[in-house]
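Me: Hi! I'd like to go through a structure with you, a bit at a time. Could you take a look?

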Amino acid sequence: MEELKPLTISSSSVKKPTVLLTHDFRKFLLHSPLTPEMILTEKISSMLFSQFKIPRIPTGFFKLNNKSYYCEEQFESILLFDEWNSFAWDEKRKFNQFVRPKVLFELFLIDLFFPVFSTVTRKHIVLGKKCQIIGKHNLSPDKNAFIFSPNTISSIGLSNPVIKRFFEPIKNELFTILEEFLVLYHDKFTADLKFQISLYPELRNSYWDNLKKCFHDEFKNYCIFTIQNFIYTYK
Amino acid sequence: MESFYSIIYFKTNALNDELLSVALFTGGEQGPRMYVSSKRMNLLKFLLAPEVYLSVKRNLNYFQEKIDKYRQDQNELLLFDPYYSKEELERISQETLGTFIYSLPVSVNEWMDEELHEKLVFSLLGEKMNKQIKTSRSFMLSWRNTCNLSKFDHFEKNKLLTEVNKEAVIPVKMDLYNDDSKIVVKGIDFSVSERLIYAKLQEVRLLASSLNEFAIYAVYENPENPEAKDLLLHFKNKMKGIKWMEVEQFLKRF
């Protein structure tokens with residue numbers, strides 16, 4: 001998360017100014033005031049995305065009068081990945097426009113294996129010559145937002161037939177994607193996460209209590225079996 | 001289900017308040033309808049990068065196709081909640097993180113049908129919906145249907161010249177061919193470009209020179225283009241051995 005030095009801030013006739021323009025002409029939307037919990041959650045979220053090589057919406061923070069605000073980059077044209085927008089992938093011809101469709105499956109795997117964030121990952125489609133999938137966790141300024149709450153297939157949205165339809169063309173590769181995901185999910189990564197959390201003395205106990213439950217073998221096996229059951233429904 | 005509409009905005013720039021109302025979504029008992037404003041899409045063409053604009057247009061078209069298909073497939077009684085309902089739109093209008101922003105659905109106090117949809121398009125977007133342009137009738141398609149009529153069953157269809165005359169080099173296609181009555185028929189389309197008409201007429205001339213015993217019929221539709229008319233007259237005078245007929249004459253003759 002970088003500190004943003006704005007070139008200028010938007011002017012608006014209907015609401016308070018909320019968008020920054022940086023010196024390299026990127027637009028960032030002001031989200032909410034930054035709290036210490038958000039800094040750590042953001043750190044964990046960005047580590048997850050970089051470890052599993054999933055594209056993430058860039059974020060930053062902006063200081064104004066000694067108050068920090070959490071910002072998120074705005075894209076030129078972006079669609080929410082939702083059943084309302086199912087017209088973007090309901091035929092193979094339309095599906096071929098996606099450049100790395102397995103990213104979507106990996107986003108769902110993160111929802112399943114790391115259910116500690118307040119909501120599931122937000123999934124977006126960036127429109128262009130080839131559509132790219134990009135994701136992000138929603139960070140809430142609540143103090144107790146980081147809680148371990150296991151998800152099921154339906155709570156992450158995979159049971160919806162319209163969303164299942166997306167994986168139809170790559171259904172034979174889903175097992176390989178799961179295996180690659182598990183290969184990257186190794187002990188060194190969990191040690192790195194533990195180390196990052198330990199750098200924040202006030203929060204580390206509550207955060208580590210919740211995060212370590214994700215690393216239990218029992219929970220991992222539960223996730224693996226759930227997702228394998230899901231993949232079998234395609235055959 | 002009450003009628004409602006919602007305007008689909010495109011957020012062109014996050015820095016200013018600009019929202020471009022690119023489409024209108026209406027819903028009612030008959031089902032959802034959508035209209036994409038072509039004039040505003042033309043404006044977008046200048047504002048976005050070319051690939052992004054094409055992708056946005058493509059996605060809007062997919063959405064429209066899906067809605068039209070959904071509406072036309074709805075023949076049975078609606079037992080479950082309709083997919084494109086006011087409540088769904090209310091949920092979608094809360095999502096402000098994408099570049100497509102849906103306004104909160106607004107009720108309309110009248111039965112939503114095609115006519116009201118058009119009037120709303122005019123009132124809210126200021127555009128008149130163009131009626132679908134009728135595609136012009138193709139001569140070759142109707143000529144092919146004519147050749148496949150039962151009265152021409154004793155003719156061979158699409159025979160090549162090289163199969164009949166062993167010395168011929170160019171495989172000119174004959175639309176109708178009958179060896180017993182020595183009749184060959186070829187249809188000529190005069191609505192295409194001059195170069196293509198000329199090529200077709202040269203083929204007919206080739207048929208005339210290589211099949212001496214046969215009666216060759218050249219069937220055409222009266223051209224409207226003055227250049228095509230001139231060509232027709234020129235070739236009629238030049239190739240007097242060929243029987244030139246319009247389609248109606250030809251059908252009466254056989």
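Me: Let's start with salt bridges. Which side chain meets Glu127(B) in a salt bridge?
Reply: That would be Arg40(B), with an N to O distance of 3.4 Å. Please keep in mind that this is a predicted model.

Me: Where do Glu127(B) and Arg40(B) sit in the chain?
Reply: They come from distant parts of chain B, 87 residues apart. Glu127(B) is in the loop between α4 (114-125) and α5 (139-147), while Arg40(B) belongs to helix α1, residues 38-47.

Me: And are Glu127(B) and Arg40(B) buried or exposed?
Reply: Both of them are buried.

Me: What about the salt bridge of Lys182(B), which residue is the partner?
Reply: Lys182(B) pairs with Asp179(B), at 3.8 Å from N to O. Lys182(B) has a relative accessible area of 30%, so it is partly exposed. Asp179(B) is at 39%, and therefore counts as partly exposed too.

Me: How many salt bridges are there over all chains?
Reply: The count is 27. There is also a network of them, linking Glu2(A), Asp24(A), Arg26(A) and Glu73(A).

Me: Nice. How many salt bridges are counted between chain B and chain A?
Reply: Just 1. Its partners are Arg91(B) and Asp82(A), with the closest N and O atoms 3.2 Å apart.

Me: Where are the two ends of the Asp82(A) and Arg91(B) salt bridge?
Reply: Asp82(A) is in the loop between β7 (78-80) and α2 (92-95) of chain A, and Arg91(B) is in helix α3 of chain B.

Me: Why does Asp82(A) count as buried?
Reply: Its relative accessible area is 12%, and buried means under 20%. Arg91(B) is at 31%, so that end is partly exposed.

Me: Let's zoom out to the interface. How many residues of chain B are in contact with chain A?
Reply: 32 residues of chain B are in contact with 36 residues of chain A. The area buried between the two chains is about 2800 Å², and carbon and sulfur atoms give 57% of that.

Me: Which residues of chain B lose the most area to chain A?
Reply: Leu15(B), Tyr62(B) and Leu97(B). Together they account for 25% of what the chain B side buries.

Me: How many residue pairs are in polar contact between chain B and chain A?
Reply: There are 7 such pairs, counting those with both residues at pLDDT 80 or more.

Me: Which elements of chain B give two or more residues to the side that touches chain A?
Reply: Those are β1 (3-11), α2 (50-73), α3 (86-93) and β4 (100-102). The largest share, 9 residues, comes from α2(B). By type, the residues on that side of chain B divide into 18 nonpolar, 6 polar and 8 charged.

Me: What does the model score for ipTM and pTM?
Reply: It scores ipTM 0.82 and pTM 0.72. Chain B averages a pLDDT of 86, and 96% of its residues score at least 70.

Me: OK, new topic: Arg122(A). Where is it, and what polar contact does its side chain make?
Reply: Arg122(A) is in strand β8 of chain A, residues 122-126. Its side chain has a polar contact of 3.2 Å with the side chain of His124(A). With a relative accessible area of 9%, Arg122(A) is buried.

Me: What is Arg122(A) in contact with, leaving aside neighbours within four places in sequence?
Reply: In chain A the list is Ile57(A), Glu72(A), Ile134(A), Gly135(A), Lys136(A) and Asn138(A), and from chain B there is Leu97(B). You met Leu97(B) above, among the residues of chain B that lose the most area to chain A.

Me: And Arg33(B), is that one buried or exposed?
Reply: Buried, with a relative accessible area of 7%. Arg33(B) lies in strand β3 of chain B, residues 33-36. Its side chain makes a polar contact of 2.8 Å with the side chain of Glu114(B). Beyond four places in sequence, the contacts of Arg33(B) include Phe25(B), Ile67(B), Arg71(B), Met112(B) and His117(B).

Me: Last one: where is Ile242(B)?
Reply: Ile242(B) is in the loop between α8 (226-238) and β10 (243-246) of chain B. At 6% relative accessibility, Ile242(B) counts as buried. Leaving aside neighbours within four places in sequence, Ile242(B) is in contact with Val204(B), Ala208(B), Ile216(B) and Ala218(B).

Technical notes
Residues are numbered from 1 along each chain as its sequence is written. Chains are lettered from A and ligands numbered from 1 in the order in which they are written. Side-chain values use heavy atoms; hydrogens and water are left out. Helices (H or I, at least four residues) and strands (E, at least two) are DSSP runs, numbered from the N terminus. Buried means under 20% relative accessible area, exposed over 50%, partly exposed in between (1.4 Å probe, protein chains only). A polar contact is a pair of N or O atoms within 3.5 Å; within protein, one must be able to donate a hydrogen and the other to accept it, and residues adjacent in sequence count only if both atoms are side-chain atoms. Contact means heavy atoms within 4.5 Å. pLDDT is the predictor's confidence in each residue, from 0 to 100. Buried area is the accessible area (1.4 Å probe) that two parts lose on being put together, summed over both. A salt bridge is a side-chain nitrogen of Lys or Arg within 4 Å of a carboxyl oxygen of Asp or Glu. Ala, Val, Leu, Ile, Met, Phe, Trp, Tyr, Cys and Pro count as nonpolar, Asp, Glu, Lys and Arg as charged, and the others, Gly among them, as polar.
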